[in-house]
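User: Could you take a close look at the side-chain contacts in this structure with me? I would like one connected walk through them.

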Amino acid sequence: MSTTNPFADVSDLDRKRTIGRVFVGLCIASTMVGIVALVTLLADVAYESWGWLSVEFLTYPPSRFPENYLPGGRGAGIYPALVGSVFLIALTALFTVSIGVGAAIYLEEYAPESRLTSLIEANIANLAGVPSIVYGLLGLAVFVRFAGMGQSLLAGALTLTLLILPIVIVAAQESLRAVPDSQREAAYGVGATKWEVIRDVVLPAALPGVMTGTILSLSRAIGETAPILMVGAATSMFVAPDSLLGPFAAMPMQIFDWAKLPQAEFQHVAAAGIVVLLTVLLAMNAVAIYIRYRFEADLS
Amino acid sequence: MSGTDLTRSATGVGGRTDAVVRYVFFACAALSVLTTVGIIVVLLEGSVEFFRTVSVIGFLTGTTWSPLIEPRSYGVLPLVWGTLVITVGSALIAIPVGTATAIYLSEYADPDVRSVVKPVLEILAGIPTIVYGFFALSFITPQIQRVFPETGTFNAAAGAIVVGIMIVPMVSSLSEDAMHAVPDELREGAYGLGATRYEVSTDVVIPAAASGILASYVLALSRAIGETMAVTLAAGMAPQFTTSPLEPIQTMTAYMVQIGISDVSVGSIGYQSLFAVGLTLFLMTLSMNLASMWIRSRYREEYR
């Protein structure tokens with residue numbers, strides 16, 4: 001382009017308009033790629049699981065014979081893994097909430113502006129980027145072997161706790177930061193100690209945000225396969241796990257086990273398992289969104 | 001907290017509970033540092049055992065990976081190759097698609113459209129990776145087989161495609177945040193000079209947000225390297241050098257899964273190799289995460 005007057009060359013402007021249109025078209029098409037992929041994925045799972053999902057699927061243990069999974073069969077399903085996942089997540093929730101909120105309170109309310117504090121913060125950011133299977137190795141070496149817990153529910157829950165702790169801490173920090181300083185100062189003004197301020201003023205105000213963040217992180221944990229695989233989740237358990245130090249099954253592990261079987265029928269069984277897993281995930285997300293919505297409504 | 005600390009504990013009047021509570025919370029925060037130390041110690045300790053049998057040079061330069069079947073060989077390069085094939089393949093999908101999506105959402109889309117599309121795309125990031133593995137096996141591979149009938153059940157292409165889809169929201173979300181942070185004055189200045197919307201997007205917004213966009217790429221690639229279940233199910237367990245995306249490969253993570261589900265006894269070379277491969281994986285992702293942080297922190301203050 002050699003002209004100095006932008007209005008001199010009308011055909012140049014037309015050309016630019018065309019380029020602009022093509023560009024927007026490409027951008028919109030790219031945006032559609034993600035949406036179409038999501039819809040296709042969900043449709044594929046729904047299609048593959050069609051006819052294989054029944055009430056028995058939720059209440060029976062897995063079977064080696066695919067025909068048992070069909071309605072009218074002898075009954076087979078995901079029951080031990082479903083219960084295992086629920087226990088796993090309940091335990092993980094217990095650990096992450098206590099440790100995660102504790103760490104967030106320290107970093108937001110107590111921590112001095114020191115090198116140690118910035119080291120801890122940088123470390124948390126880094127941990128969030130460590131591949132989940134590496135956490136599996138950590139759990140295998142520390143909880144299963146070193147601490148002697150064996151391939152147990154407790155070892156699995158502790159491994160998942162370490163995995164999602166960085167996300168829970170960051171979410172809790174954000175909610176604590178959102179509590180206005182004026183509330184803290186008012187409490188100090190009437191003579192409260194720091195701990196009283198945190199316990200009676202800051203924590204209640206930050207609770208909905210903390211819960212939302214925690215539930216969202218837990219919904220990530222419930223779908224994780226690699227860490228619990230390394231820790232040694234069982235692939236074929238026929239009864240629900242019944243003790244902290246006993247063996248455990250979990251839904252993603254069970255789905256992996258089905259999906260890699262060569263018989264074509266087990267693809268349908270795996271799809272049915274995925275529908276159950278995604279439903280639990282969706283329910284957890286719905287609860288998180290509901291809490292956030294309620295809280296935002298209360299504030300305004 | 002800002003301002004002068006006038007609390008009783010700060011002035012030495014606080015009760016004993018206050019002091020105890022402080023240490024309990026500190027312990028919680030310190031646990032995260034302990035986790036990092038734990039990861040490094042565990043990986044190094046297992047690797048040291050492994051490298052008593054296998055030389056470091058042989059591990060890093062060997063071109064055959066056969067730790068369980070005689071003749072045994074412990075060259076990690078085929079696994080690194082498999083990981084790179086998946087990473088590069090998924091980047092070829094996620095980077096153009098993710099960037100264009102971010103441009104559309106930040107520069108063109110109606111705020112209402114944006115507030116719907118962005119969370120919908122983020123659902124993709126929340127779907128468990130095992131589901132992507134299933135999707136590859138049950139949908140993507142059959143589609144590839146329609147075009148290329150010689151494609152095996154397990155193939156690198158299906159793995160790269162699903163990992164690519166999985167990391168699109170990472171690229172699009174983080175890049176969109178970076179573009180959104182570019183001040184409107186820059187756009188308005190360019191419009192005032194007669195630039196078209198396309199020119200503002202490509203010549204003003206993208207260069208201004210380049211560091212954030214680049215950081216999102218590096219982070220997404222790091223995620224692709226560490227991706228486990230989808231590539232295990234889709235790309236297979238055949239450690240080999242192949243340039244054909246229609247053949248099976250094995251990534252480092254898929255090898256770890258293979259050992260994880262087999263009955264390898266503790267202390268055996270197979271068990272130890274887990275930690276050597278894990279260490280390699282950890283170092284690769286760590287360096288990329290640090291690079292991403294460095295890129296972002298270096299340019300963060302530019303427009304504030």
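How many salt bridges are there over all chains? Please begin with those, and then carry on to the aromatic contacts.

Analyst: Happy to. One caution before the details: this is a predicted model. It scores ipTM 0.90 and pTM 0.90. For chain B the mean pLDDT is 89, with 93% of its residues at 70 or more.

To your question: the count comes to 14 salt bridges over all chains. Let me start with a pair that crosses between chains. B:Glu199 and A:Lys16 meet through their side chains in a salt bridge, at 3.3 Å from N to O. B:Glu199 belongs to helix H8 of chain B (residues 197–208), while A:Lys16 belongs to helix H1 of chain A (residues 10–49), so this salt bridge joins two chains. Both ends are covered. B:Glu199 has a relative accessibility of 18%, so it counts as buried. A:Lys16, at 16%, is buried because the cut-off lies at under 20%.

It is worth pausing on the helix that carries B:Glu199. H8(B) has 12 residues and reaches 15 Å from its first C-alpha to its last, close to the 16 Å expected at 1.5 Å a residue. B:Glu199 has buried company there: B:Val200, B:Ser201, B:Val204, B:Val205 and B:Ala208 are buried in H8(B) too. As background for reading such a list, an α-helix has 3.6 residues a turn, so residues three or four places apart point the same way.

Next, a salt bridge within chain A. A:Glu109 pairs with A:Arg184, and their closest N and O atoms are 2.8 Å apart. This pair links distant parts of the chain, with A:Glu109 in helix H3 of chain A and A:Arg184 in helix H7 (residues 181–189), 75 residues apart. A:Glu109 is buried at 5% relative accessibility, and A:Arg184 is buried as well, with a relative accessible area of 3%.

A:Arg220 and A:Glu224 form another salt bridge, with 3.3 Å between the closest N and O atoms. Here the two partners fall into separate accessibility classes. A:Arg220 is partly exposed, with a relative accessible area of 34%, whereas A:Glu224 is buried at 12%. Over in chain B, salt bridges that share partners join B:Arg114, B:Lys118, B:Glu176 and B:Asp177 into one network.

Now to the aromatic side of your request. The count comes to 19 aromatic pairs over all chains. One of them is A:Phe57 with A:Tyr69, a tilted pair at 6.3 Å centre to centre and 50° between the planes. A:Phe57 lies in helix H2 of chain A (residues 55–59) and A:Tyr69 in the loop between H2 and helix H3 (79–110), so the pair ties together parts that are 12 residues apart in sequence. A:Phe57 is buried, at a relative accessible area of 0%, and A:Tyr69 counts as buried at 1%.

A further aromatic pair takes us back to contacts between chains. A:Trp195 and B:Phe25 have ring centres 6.0 Å apart and planes at 55°, so this pair is tilted. A:Trp195 sits in helix H8 of chain A (residues 194–223) and B:Phe25 in helix H1 of chain B (residues 16–53), so the pair joins two chains. A:Trp195 is buried with a relative accessible area of 18%, and B:Phe25 is buried at 10%.

Chain B also has a larger grouping to show you, in which B:Phe50, B:Phe51, B:Phe59, B:Trp65, B:Tyr74 and B:Tyr255 form one aromatic cluster. Some rings meet charged side chains instead. A:Lys194 lies over the face of A:Tyr110, at 5.2 Å from the ring centre. A:Lys260 lies over the face of A:Phe256, and here the distance to the ring centre is 5.5 Å.

One last check concerns the cysteines. A search of the whole structure finds zero disulfides over all chains. Among the cysteines, A:Cys27 is buried with a relative accessible area of 2%, and B:Cys28 counts as buried at 13%.

To pull the thread together, the chains meet through the salt bridge of B:Glu199 with A:Lys16 and through the aromatic pair of A:Trp195 with B:Phe25. Within chain A, A:Glu109 and A:Arg184 link helices H3 and H7.

Methods. Residues numbered from 1 in each chain as written. Chains lettered and ligands numbered in written order. Predicted model: local features only at pLDDT ≥ 70, side-chain atom pairs only at ≥ 80, totals over all residues. Heavy atoms only, no water. Phe/Tyr/Trp six-rings, centres within 6.5 Å; stacked < 30°, edge-to-face > 60°. Helix = DSSP H or I, 4+ residues; strand = E, 2+ residues; numbered from the N terminus. Buried < 20%, exposed > 50% of the residue type's maximum accessible area, 1.4 Å probe, protein only. Lys NZ or Arg CZ within 6 Å of the ring centre and 35° of its normal. Salt bridge = Lys/Arg side-chain N within 4 Å of Asp/Glu carboxyl O. pLDDT = per-residue confidence, 0-100. Disulfide = S-S within 2.5 Å. Expected span 1.5 Å × (residues − 1).
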